Amino acid sequence: MIRQYWWKILGVLILVYVIIVGMLVPLKSGILSSFPLKTEAGQQLILEVEGYNTHFSTAKHITAFLKNGKQEVVGSSKVDVGSETTALLTFDMPAKSYQPRESLTLIMNNEIDGSSILPAAVVFQESSKPITNDSVWQTFEIAKLYPSTGFKFPFRNILHETVRNTFFHVAIWFAMLVMFIVGLIYSIKYLRNSSLHNDAVAVSFTRVGILFGVVGLATGSVWAKYTWGAFWTSDVKLNMSAIAILIYLAYLILRNSIGDVDTRARVASSYNIFAFCMLIPLIMIVPRMTDSLHPGNGGNPALGDEDMDNTLRAVFYPAIIGLTLLGVWMSTLTYRIYILKERWIEE
Amino acid sequence: MLTEILCVCAKEMKVDMRNLSTVGSVLLFLIGSTLISQKCFVTIHGVGWVALFWILYLFSIINMALQAFQSGRSSSRLAQYTYHDGVAYAIGKWLYQFGLNMCLALVLLGVMTVFFGNPIDDLGLFGLGVLLATIGLCTILSFVSFLTASVENSHMLSTVLAMPITLPFLLLGVKVSVVSLGLISDTSIGSDLVLMLAIALFSVGISLVLLPTLWKA
């Protein structure tokens, strides 16, 4: 099967699909920001809202709600639309507050965009001022939310458009793991039967794995710049993955510094197994045990329903398969070059 | 097996006692560099103390471990192969190394206390951190130096190979010692210690699995 070429075409087609769909499908509408940040019980609140990909002017039925921790809502009394993406919402805040200070979630709803949510939009405080209205908290059922239609990626606060990086950053780490696992298997095979062919396969796959790892770090770094504000932070996940890649780079140095073919293969195979066994705790276990900003670690979710939805999965899973196929293709090429070079040296 | 391990241990000690140059040079390095630091800094506190401790400790451990597997000639290696079981030999050497390194840590602590004073609040925690880090560092460095023993210019190579693997232990070790100095407070330091123990045991396990295949060569 590895000599046939249909899977190479398949891999390229999948990647083309991933790039086109992953880059062109629009995001769902969302709320970027709202102002002011505070409001008091029993007072009127005029909230200035900035939306993203929204259709405020075009939509006919715009409603807005503020939701408290007890799943109760207060609806807006007036909606003034400025443009497609800006609106002024007027709320009569109820006099009753359950806590001295509470964060309220803003929900906006119209028939074109469906509903969008901004968590912790305003802080609701107790007040000593005279009460200006008779509004009360109502059950959440009164908010009749329109469903969102069409094939769109979810809008996530902070992430915004960078949610598309899931298809590249996350998928390439998966593909890297596949490459390293194949490398590991062939290293074990080499130690069992000392066939240089196995060592050549192991080094080819490991090299491509390292390349994927470096690209994974780079894409992650760009993502971090947009979401955390810096290319590199001293986060445990980042440190550990950098160390893991360094361990594998050391594997390449080790190979280059040994002249004898058999010694090189044996020593490098042992080190490769060792490197893989260090990789798993470093990037999978350690970051999960301590605090980390990175999703999937330190109590942060990743790939769960909060982060992924079926539209993202429709591109994310193919991306993993496509990148893995591409990696296998690259590895077979590397393998052939390696074999040719070795033959050259021996002659 | 146990007697064999102890036998290897005792033999290692005898070899080192007969030829004191290895231990002597590392001790000289420790005391010398602490003295130089004292002359330069006059006094250091807190983070500087921790940094100096770990730098000196790391370098002496690296020196020790690299000597351990490279002292013998190839003919004597063959002799050892015929005498000992690979795993027992490795465990014996490792145990001796571990003991030696812990002694070095004590000496270093003593020397630094003399020159700079002792800022440690929680000596137990500090000791535990050093102990766990030593298990990990010792295993990794022994493994790497064993791996590269047959290669030319192996000192360089072992250092390059060992550096990234030792980093997690160093990071955790530094964190634990900073906490033990009372510079930062961390309620979850227990989980860091468990983590360190886990990685250390893990690396011990891997080394034990891989050593026999290398030993045959």
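Let me begin with the charges: in chain A, the mean position of the 28 positive charges and the mean position of the 26 negative charges lie 9 Å apart. Please keep in mind throughout that what we are looking at is a predicted model.

Turning to the overall build, chain A contains six helices and nine strands. Its radius of gyration is 27 Å, which is well over the 20 Å that the globule rule gives for 347 residues, and so chain A is more spread out than a compact globule. If you take the principal axes as a frame, the C-alpha atoms of chain A fill a box of roughly 95 × 40 × 30 Å.

Next, the surface and the interior. The accessible surface of chain A amounts to about 17000 Å², and carbon and sulfur atoms contribute 63% of that surface, while 48% of the 347 residues in the chain are buried. As for how the chain meets itself, among the contacts in chain A with a separation of 6 or more, 75% are between residues that stand 24 or more positions apart.

I would like to finish with a single residue, Thr206(A), which you can find in helix H3, the helix that covers residues 196–227 of chain A. Is Thr206(A) buried or exposed? Its relative accessible area is 0%, and because buried means under 20%, Thr206(A) counts as buried. Which residues does Thr206(A) touch, if we do not count those up to four places away in sequence? They are Phe180(A), Gly183(A), Tyr248(A), Tyr251(A) and Asn272(A).

Technical notes: Residues are numbered from 1 along each chain as its sequence is written. Chains are lettered from A and ligands numbered from 1 in the order in which they are written. This is a predicted model: local features need pLDDT of at least 70, side-chain atom pairs count only at pLDDT 80 or more; totals for chains, interfaces and linings use all residues. Side-chain values use heavy atoms; hydrogens and water are left out. Helices (H or I, at least four residues) and strands (E, at least two) are DSSP runs, numbered from the N terminus. The radius of gyration is taken over C-alpha atoms; the globule rule is 2.2 Å times the number of residues to the power 0.38. Buried means under 20% relative accessible area, exposed over 50%, partly exposed in between (1.4 Å probe, protein chains only). Contact means heavy atoms within 4.5 Å. Accessible areas come from the Shrake-Rupley method with a 1.4 Å probe; for residues, only the protein chains shown count as cover. Lys and Arg count as positive and Asp and Glu as negative; His and the chain ends are not counted. The place of a charge is taken as NZ of Lys, CZ of Arg, CG of Asp or CD of Glu.
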